[in-house]
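Me: I want to go through the reasoning behind the labels on this model. Please show it first.

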Amino acid sequence: MIGTGFAANIHGEAYERVPGYDIQVVAVASKLQDQAREFCKRFHIDPTNIYDDAGKMIEEVDADVIDLVVPTFLHAPFAIKAAEAGKNVICEKPLTGFFGDPDIPVDQRENVGKTDKRIMLESCLKTCKAVDDAIAKAGITFCYAENWCYARPIWKAKQLVEAAGGKILEIRCGESHSGSHSSFAAEWKYTGGGALIRMGAHPISAAIHLKLWEGMIRDGKPIHPASVVATTARCREFLDDLPEEQDHIVSRPVDVEDWSSTIITFEDGTNAVCIASDVTLGGIENWLNVYASNCRIEGKISNNNSVMAYAPTTKQFADAYTIEKTETKCGWSTAQPDEDWMTGYPHEMEDFMGAILDGRKPVSDLELGIWSTKVFYSAYLSAEQGTRVKVPTGYTLD
Ligand SMILES: NC(=O)c1ccc[n+]([C@@H]2O[C@H](COP(=O)([O-])OP(=O)(O)OC[C@H]3O[C@@H](n4cnc5c(N)ncnc54)[C@H](O)[C@@H]3O)[C@@H](O)[C@H]2O)c1
């Protein structure tokens, strides 16, 4: 594993829950050595196999898979390195992005978010091509860790849409909360954007996945994204004037947006409306609704009422977990009985392990990662220009 932070812990827990496979994490690489030692202790990994240099680990380690749970600007270079070493890859979302001038050390890059979005889109297309070429040349399995493709409500929606046999006319979906825990999230040079790509990656990729899948099951060919219209906002700028007690938003974006709305129009003329927000109170809100020609499905991955928990003050649940990123546990909480299961992490890892062993593509694959990247940056270009943008079909601007 490369990375031992938040997402690495999610992956570590998911590995322990995959039935039928003996999965061992044999080595980790991290820039935070204390965190890495803690991680090894938690998941029973030999601490002598902690690397500071991820590149060295990729070359030396006797492993079938390299799992990338690092900030987004490192995904593509490590994925290519792992492929060149003949190792299968699991890569967290988003696949890649634009992070500024690669010839300048990342911590010294400034105002990356102000770069012309057409330049960003063109650069991302080149990176996608480089990853695609490296994976194809190596003949390895690439697993795109978009867990929403496996989230239980979306899995169930697919079953119901397939049974009904109708056409998906519209998807409405979103991910919102009151700001990321990660300092990387504030700066474009690390994440490749703000709320739109960091959180919107989930609903946007899930919507793309559903339409690719719908086309395959009905007509044997995927329905691709065709164009996008998007708006982004920086709400923090007008929050700073508020008195402290009126501002409960934790996000402090530097050069990224903290709110976005993206409308994707697909080749068949149908649409997906995808919201992403770093300025929404009330705990994480993950949802996806499908409006089809002969059925309608509402999926609540979080903020659902399967367990409603009440406490008269903040004391009773002070040490208990209810739901990710809630501001208070006083009053009613929508407590998730098993957030990881609902969000699809164990099912994602089960599919990845099967795909790697069988040499097949996983449900969430490189194709989804590439289409998603094209949509994210077409959306940024649309928001900058105030116009509809055609999603590139290949690796150049059409
Ligand atoms: N699927 C999900 O639900 C989900 C949730 C959170 C994050 N993510 C994704 O996971 C990725 C990591 O996010 P996070 O929240 O875990 O970040 P984090 O800040 O918690 O952890 C980042 C880790 O990367 C390591 N790292 C940084 N540079 C490194 C380098 N050069 N070599 C080796 N290790 C290095 C750090 O030491 C740290 O352990 C991001 O791409 C993010 O988009 C996905």
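Me: Which residue in β9 is the bridge partner of E170?

Reply: N271 is the partner of E170 in β9. This is a predicted model: local features need pLDDT of at least 70, side-chain atom pairs count only at pLDDT 80 or more, and totals for chains, interfaces and linings use all residues. Residues are numbered from 1 along each chain as its sequence is written.

Me: What makes β6 and β9 a pair?

Reply: Two strands pair if DSSP finds at least two bridges between them. Strands β6 (residues 168-176) and β9 (residues 271-277) have seven bridges, in the parallel sense. They therefore count as paired. Strands are DSSP runs of E with at least two residues, helices are runs of H or I with at least four, and both are numbered from the N terminus.

Me: Why are β11 and β14 called edge strands?

Reply: The open sheet has seven strands in the order β11-β10-β6-β9-β8-β7-β14, with mixed pairing. β11 (296-300) and β14 (389-390) each pair on one side only.

Me: How do you know the direction of α9 against β6?

Reply: Axes are lines fitted to C-alpha atoms, for helices over the stretch in contact, and angles run from 0 to 180 degrees between N-to-C directions. Contact means C-beta atoms, placed from the backbone, within 7 Å. Helix α9 (residues 201-219) runs at about 155 degrees to β6. Among the strands that α9 lies across are β7 (225-233) and β8 (259-266).

Me: What makes up the sheet that holds β4?

Reply: It is an open sheet of three strands, ordered β3-β4-β5, with parallel pairing. β3 and β5 (142-145) are the edge strands, each pairing on one side only. Neighbouring strands are turned by 15 degrees against each other on average, direction ignored. Four bridges join β3 (residues 65-68) to β4 (residues 88-92). Four bridges also join β4 to β5. V65 has N88 as its bridge partner in β4, and V89 has F142 in β5.

Me: Why is the β3-α4-β4 unit called right-handed?

Reply: A crossover is right-handed if, with the strands pointing away from the viewer, the path from the first strand over the helix to the second runs clockwise. The unit of β3, α4 (residues 75-84) and β4 is right-handed, so its path is clockwise in that view. α4 runs at about 170 degrees to β4.

Me: Why does N111 count as exposed?

Reply: A residue is exposed if 12 or fewer other C-beta atoms lie within 10 Å of its own, buried if 20 or more do, and partly exposed in between, with C-beta atoms placed from the backbone. N111 has 11 such neighbours, so it counts as exposed. N111 sits in the loop between β4 and α5 (117-138).

Me: Why is T393 called partly exposed?

Reply: T393 has 13 other C-beta atoms within 10 Å, so it falls in the middle class. T393 lies in the segment after β14. Its C-alpha is 8.7 Å from that of H224, though the two are 169 residues apart in sequence.

Me: What makes the backbone at N111, N303 and P94 worth a look?

Reply: Most residues other than glycine have a negative phi, and most peptide bonds are trans. N111 has a positive phi of about 50 degrees. Phi of N303 is near 55 degrees, also positive. The peptide bond from K93 to P94 is cis, with omega near -15 degrees. P94 is in the loop between β4 and α5.

Technical notes. Two residues are in contact if their C-beta atoms, placed from the backbone, lie within 7 Å.
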